[in-house]
Structures are given as C-alpha cells and as structure tokens.
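Open the model in your viewer and keep the selection panel at hand. The stops below run from the cysteines to a strand and then to the ligand.

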Amino acid sequence: MKPQNVCVIGCGYVGLVTGACLAGIGHNVICVDNDISKVSALKKGRIPIYEPGLDQLIHTNVKKKRLSFAGSIAEGMKNAEVIFIAVGTPPTDDGSADLTFIESVARDIAANLKKYVVVAEKSTVPVETGDNVEKTINRYNKNNVAFDMVSNPEFLREGTAMDDFLHPDRIVIGAKSKKAEKIMMGLYAPLKAKFLVTDVKSAELIKHASNSFLAVKISFINSVGRVCEQVGADATRVAEGMGLDPRIGRSFLHSGIGFGGFCLPKDLEAFYYISRKVGYDFQLLRGAKEVNEDQRAYFVKKIEDALWILKGKTIALLGIAFKPNTDDIRFAPALDIVTRLQAKGARVKAYDPVAMPRAKSVVKGVTFCKNAYDAVNGADCLALVTEWPEFKTLNMKKMKSSMSHALIVDGRNMFDPDAIRALGFEYHGMGKAR
Ligand code: UDX
C-alpha cells in the first residue's frame with residue numbers, strides 16, 4: 001500500500017476514529033477542527049471523547065508522526081490527497097439535518113484548493129448533499145482546480161468504533177470518476193473488506209436507509225414485545241426463533257426501552273424528512289419513531305404500576321449512556337425517563353460508569369452516586385437503563401439488602417428473571433409476560 005496524505009475535517013467521534021484508524025493502517029493524517037481548545041487539548045494528548053482503545057491508537061500514531069492536529073483547513077489541506085468531511089450534521093426542529101457546517105467547510109476547501117484532491121463525505125448527510133458540496137466548491141474554486149466528490153459513509157458504532165473501522169462489513173464508495181474510486185480503494189487497501197462502488201446519491205442513501213432499517217427492526221421487536229406481554233409470551237424467545245432465519249438475523253432484535261444515541265434517532269428523522277420533501281410519506285419510519293418514544297413512557301408506566309404512586313418514591317437508575325461502553329448521552333432514553341419520573345414526583349438517584357460527568361451538566365435534580373450499591377441504597381426500585389457489563393456482576397444479595405423495596409424494572413432484559421426472583425426480588429422485564 002502506498003501511504004496517502006489525508007486531511008480529516010472535524011474532530012468529533014467520526015473524525016477522530018477515522019483519522020486515528022487511517023494513521024493506524026499507515027497513512028499520514030492531519031485532523032482539523034475549528035474549535036481551537038479541542039485542537040490544543042488533542043495536541044497535548046488529551047482525547048475529548050471516550051472510545052475504548054482510541055487514546056492508545058492516537059498516542060501511538062502521534063509518536064510515529066503519522067497523526068497530527070491543526071486548527072485550520074488551510075494547514076490541514078497543504079499536502080492532502082484525500083479530504084474527509086466529518087463535521088456535525090445536527091438535527092433541526094423540523095427533523096432535517098443542519099448542513100451549515102458542511103457548507104462552510106466546502107467553501108474553505110474551495111478557497112484552499114491548489115491541486116487535485118478527492119473530497120469525501122464521511123458524516124451522515126441527506127441524499128444530494130454531495131451534489132451541493134460539489135457545486136459549492138466549484139462556485140468558490142477561483143482557479144478551477146480539478147477535484148472529485150465522493151461519498152464514503154461511516155458505519156461506526158460507538159463503543160466498538162475502532163473495530164468497526166478496521167474490520168468493516170462493507171466499505172461503500174459513491175464516486176463519479178474511476179480516478180477517485182481507485183484512490184479511495186487504495187486508501188482502504190490494508191483492510192480485508194467487501195467494497196461496494198456506487199453513484200454518490202446511492203451511497204448517501206445506503207447510510208440513511210441502513211440506520212433507519214435498524215431503527216425499524218428495534219421498534220418491530222419492541223412492538224412484538226408489547227403483544228407478548230398481553231398473551232403470556234416472551235419476546236426474547238420470539239427474537240431467538242426469528243433470528244434463526246438468516247434472512248432476518250438475531251441482531252438488533254433486543255427488546256427494551258428503545259434506541260437512542262446520536263445516529264439512529266437523528267437519521268430516522270432526517271430520512272423521514274427527505275421522503276416527505278420528495279413527496280413520499282414514509283409511514284414505516286414515522287411508526288418506528290412513535291413506537292420508540294412510547295417505549296420509554298411504557299418503561300416508566302411499568303415502574304408506576306409496580307409502585308402505584310411514584311410521588312415521594314426513590315428510583316435508582318442504573319446507566320445513563322444510550323448504550324454500554326460510551327459516555328454519550330445524546331438522545332439517551334435515560335434523559336426522557338428521568339424527566340418522566342420527576343414529573344410524577346419521584347426522586348431519582350443515578351449511577352453510570354463513565355457517562356456521569358456529561359450527564360451532570362444536562363440532567364437536573366438527580367443525585368449522582370459513586371457506584372451501583374450507593375444508587376440503590378434506600379431505593380424503592382432499581383430501574384436498569386443501560387446494560388453495562390459491570391452491572392451483570394453486581395452482588396444482588398447485597399443490593400437487595402439496602403433497598404427499601406426489592407423491585408427491579410429491567411429496561412434491557414439484562415438480568416436472568418428466574419435467578420433474580422429466586423433472590424426475592426419482584427422483577428419486570430420488557431416484552432416478557434412476567
Ligand atoms: C449506529 C449504527 O449501528 C452504526 O452502524 C452507525 O454508523 C451509527 O449509528 P450507534 O448509534 O453507535 O451506531 O449504536 P447502536 O449500537 O446501533 O445502538 C443504537 C441504539 O439502539 C442503542 O440505544 C441501543 O441500546 C439500541 N438497541 C440496539 C436496542 O434497543 N435493541 C437492539 O437490538 C439493538
């Protein structure tokens with residue numbers, strides 16, 4: 001493989017993981033961000049996000065001089081052969097993606113274009129963004145320097161992002177020219193992966209459609225779970241049976257309090273917005289969203305049904321992050337659950353192994369605890385929100401002895417119901433009759 005000079009614009013989750021992993025497989029990478037304090041922290045070796053293994057990978061590659069950080073696109077682009085756009089595309093009030101940062105980056109790229117480059121969108125963007133970025137670069141590209149626009153969506157899951165990058169199911173390259181396609185394939189040559197080369201718009205849609213499909217899958221099993229509870233069946237066993245069919249597969253059929261995070265909810269919303277914009281009401285997506293929101297309310301209702309009156313009761317929330325192995329609390333079900341519990345007059349104590357520093361600035365009126373034992377002390381209910389591995393090894397006898405009421409409402413079906421009941425707990429899972 002011939003090492004390439006790569007510039008990654010945006011030092012968020014996607015940008016940092018992409019930059020560090022590309023350096024890790026031998027390329028020379030500069031990661032750029034306009035947040036100067038973030039760049040200076042990165043230069044001092046401080047990594048702003050929690051992602052297992054990322055610190056180490058960044059430090060190793062900085063030492064090898066294959067990875068560096070810059071505060072300006074001009075500096076980052078100096079020797080770049082490939083530029084990745086990995087800036088945020090946050091949701092707006094109407095559900096569409098805010099593409100302000102992308103447009104501004106496109107103008108900066110144009111202003112600094114001196115020789116041919118491949119410009120690759122990495123952030124999740126609505127279909128046709130590539131066309132708009134290309135038009136914008138052309139508009140401000142005074143010297144008419146040649147470039148190629150490519151869509152190369154990321155499929156990184158928080159918590160396993162590095163592994164997802166290094167061992168991908170597929171690498172999607174949406175390109176218009178053979179030259180750009182070859183450069184992108186060269187970039188990923190060290191990875192053993194299936195490549196799918198498409199046009200730019202199809203590549204953009206693959207990302208939105210994939211995440212929306214995963215969201216639909218989760219809402220589907222959560223709806224199945226609601227029926228299971230009414231008829232005396234168990235959604236986990238139903239999912240096992242369904243999953244044995246290779247056309248369906250077992251993954252993303254875990255019933256619980258639903259999906260959160262910065263990708264699935266946002267991408268589902270943005271894809272629905274696009275469908276409406278082009279004149280199609282994608283009802284399936286609307287339904288998946290409604291089911292997901294209702295699932296959180298249903299979890300609180302389960303706690304309420306068990307305790308009758310929530311006012312004055314103490315609920316111990318285990319887990320705040322939207323899933324284990326991340327400190328990310330964006331669109332985390334926990335946020336909604338806390339608000340609902342507080343609205344009903346409950347007192348909330350919470351513990352999360354890594355997400356508490358972030359949660360403290362967002363979640364108000366919650367008592368943050370130093371560990372799970374501290375959280376359940378005096379609580380009327382243990383509400384399991386995030387299935388962190390360390391919660392699986394808790395001494396449940398000890399937990400029970402300090403609770404006011406031995407009640408568990410398990411939003412992730414993490415506990416073994418029989419074992420937990422044998423210890424004397426009242427237990428309620430999701431999608432399970434009892
Ligand atoms: C997702 C996609 O999986 C990834 O490919 C994409 O690039 C980014 O978005 P991520 O947001 O990191 O990744 O989390 P993911 O592992 O997909 O989980 C999303 C949410 O769904 C979590 O809240 C999780 O708890 C929930 N979930 C997942 C379920 O409720 N049930 C399941 O069966 C699976």
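**Stop 1: the cysteines**

Counting pairs of cysteine sulfur atoms within 2.5 Å as disulfides, the total here is zero disulfides. This is a predicted model, in which local features need pLDDT of at least 70 and side-chain atom pairs count only at pLDDT 80 or more, while totals for chains, interfaces and linings use all residues. Residues are numbered from 1 along each chain as its sequence is written, and side-chain values use heavy atoms, with hydrogens and water left out.

A disulfide is a covalent bond between the sulfur atoms of two cysteines. Select Cys11 and Cys31. Why is the sulfur of Cys11 not bonded to that of Cys31? The closest cysteine sulfur to that of Cys11 is in Cys31, but at 4.9 Å it is too far for a bond. Cys11 is buried, at 0% relative accessible area. Buried means under 20% relative accessible area, exposed over 50%, and partly exposed in between (1.4 Å probe, protein chains only).

Now pick Cys369. Cys369 is in no disulfide either, and its nearest cysteine sulfur, in Cys381, is 14 Å away. Cys369 is also buried, with 4% relative accessibility.

**Stop 2: Ser151**

Go to strand β6, residues 147-151, and find Ser151 there. Strands (E, at least two residues) and helices (H or I, at least four) are DSSP runs, numbered from the N terminus. Is Ser151 buried or exposed? Ser151 is buried, at 2% relative accessible area. Add Glu121 to the selection: its side chain and that of Ser151 share a polar contact of 3.4 Å. A polar contact is a pair of N or O atoms within 3.5 Å; within protein, one must be able to donate a hydrogen and the other to accept it, and residues adjacent in sequence count only if both atoms are side-chain atoms.

**Stop 3: the ligand**

Show residues with a heavy atom within 4 Å of the ligand. There are 20, with Glu158, His254, Cys263, Phe322 and Lys323 the closest. By class, ten are nonpolar, four polar and six charged. Helix α9 (residues 200-231) gives the largest share of this shell, four residues. Domain 1 (5-198) and domain 2 (211-428) each supply at least three; the bounds come from an automatic or database domain assignment.

Next, zoom in on the ligand's oxygen atoms. A polar side-chain atom of Lys323 lies 2.9 Å from one. For Arg412, a side-chain N or O atom is 3.1 Å from a ligand oxygen. At Leu156, a backbone N or O atom lies 3.1 Å from a ligand oxygen. On its own the ligand has 660 Å² of accessible area, and the protein covers 92% of it (Shrake-Rupley method, 1.4 Å probe).

Methods
Nonpolar A, V, L, I, M, F, W, Y, C, P; charged D, E, K, R; others polar.
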